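Here is a short set of questions and answers on one protein model. Keep the structure in view as you read.

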Amino acid sequence: MKKGTIYVTLSYVLWGLLPVFWKLLADVDSFYVLACRVVFSLVVSAALLPLLGEARRAKDALKDKRLVGLMLCCGLLISFNWGVLIYCVAAERVLDVSLAYYINPLLAILVGFICFREKLSAAQWIACAIAAAGVAAPMVMAGEFPILAVLCGLSFAVYGAVKKVADIPGELSTFMETLLVVPFAIAFIIYCEANGGPIASGQLSGWRLLLLPAAGAVTFLPVYLYSAGIRTTSMGLSGVLMYINPTLQLLIGLLYGETLGTDMLVTFACVWIATAIYLISGAKSRKRAANAALEE
């Protein structure tokens, strides 16, 4: 296995295991945890940028008003995505997170169609329709729409689209995203602590205080591994490996005692069928493209 493929695989494994880490902070206000994650993500990325040779590029990037605007959008979108994820873990709804990342590639296809006018094959339209039917199933069967899963998946899909427009390395993007939203995070932490927040009240003390700076590392490491590995890994292989993430989250949710009701089971079944159609269609398209290239 190539080094790049190993890095990409590790990034998806780490993302898939993240609910275990956030579970350790499940009793702490989710917005407070999110704010700390933003702050310490910035600390880690700012410390590593010089080591990765990106310090000068970061300085130049911050002078580009268009890029700063795009990175601010990215920062807000990924912060929202993180917030939903952290809340789902604390609320014992890890299965919603798993569903979000199962449907994310299909949502990304639709975002690409809407924003970049990318053409969809018949198989991709069918996959999206089946996934949409699955997402609607809980509303029809139980009167409850999986809003958290849809918001989590959609925010990440739009985030990916904005990053595609920005087109900068992941480590630099992480630095700029967090830098631009960190003032809001710091202000929120100060407000919380001034009003008896987790540290001031003693809710967070001892070894658990170390979890806050660790949040920066667990945020940055998978992003860095993905950025380092994707350069030498095909998008097709990366797309298949990506399902490691929601599969691990699904298993973690079940291990934590969450249950799949009939409505959610129908949802997951539809999404898995849609995913299979999507992957098979993609494999056939790549094979046709490869054969055409050989014939030329």
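Q: How many Å does α7 reach from its first C-alpha to its last?
A: This is a predicted model. α7 has 20 residues. The expected span uses 1.5 Å times one less than the number of residues. That gives an expected 28 Å, and the helix comes close to it, reaching 28 Å.

Q: Which helices do the buried residues of α7 pack against?
A: Buried means under 20% relative accessible area. In α7 the buried residues include Leu-148, Val-150, Tyr-159 and Val-162. The buried residues of α7 pack against α4, α5, α6 and α8.

Q: Which residue follows α7 with a positive phi?
A: α7 covers residues 147–166. The residue that follows has a phi near 55 degrees, and this residue is Asp-167.

Q: Which helix gives the largest share of the nonpolar patch?
A: The nonpolar surface patch measures about 700 Å², and its residues include Phe-80, Met-139, Val-140 and Leu-151. α6 and α7 each supply at least two of the patch residues. The largest share is 3 residues, and it comes from α6.

Q: Is Val-140 buried or exposed?
A: Val-140 lies in helix α6 and is part of the nonpolar patch. Exposed means over 50% relative accessible area. Val-140 has 70%, so Val-140 is exposed.

Q: Which residues does Ala-142 touch, not counting residues up to four places away in sequence?
A: Ala-142 also sits in helix α6. With a relative accessible area of 49%, Ala-142 is partly exposed. Leaving out residues up to four places away in sequence, Ala-142 touches Ala-137 and Asp-263.

Q: How many residues apart in sequence are the parts that Arg-208 and Asp-27 tie together?
A: Arg-208 and Asp-27 form a salt bridge, with the closest N and O atoms 2.7 Å apart. Arg-208 lies in the loop between α8 and α9, and Asp-27 in the loop between α1 and α2. So the pair ties together parts whose separation in sequence is 181 residues.

Q: Which of Arg-208 and Asp-27 counts as buried?
A: Asp-27 is at 47% relative accessibility, so Asp-27 counts as partly exposed. The other partner is at 14%, and the one that counts as buried is Arg-208.

Q: Which residues do salt bridges that share partners join into one network?
A: Arg-93 forms a salt bridge with Asp-96, at 3.1 Å between the closest N and O atoms. Arg-93 also meets Glu-144 in a salt bridge, at 3.3 Å from N to O. These bridges share a partner, and the network joins Arg-93, Asp-96 and Glu-144.

Key: Residues are numbered from 1 along each chain as its sequence is written. This is a predicted model: local features need pLDDT of at least 70, side-chain atom pairs count only at pLDDT 80 or more; totals for chains, interfaces and linings use all residues. Side-chain values use heavy atoms; hydrogens and water are left out. Patches are made of residues with over 30% relative accessible area and no salt bridge: like charges are joined within 9 Å, nonpolar side chains (Val, Leu, Ile, Met, Phe, Trp, Tyr) within 5 Å. Accessible areas come from the Shrake-Rupley method with a 1.4 Å probe; for residues, only the protein chains shown count as cover. A salt bridge is a side-chain nitrogen of Lys or Arg within 4 Å of a carboxyl oxygen of Asp or Glu. Helices (H or I, at least four residues) and strands (E, at least two) are DSSP runs, numbered from the N terminus. Buried means under 20% relative accessible area, exposed over 50%, partly exposed in between (1.4 Å probe, protein chains only). Contact means heavy atoms within 4.5 Å.
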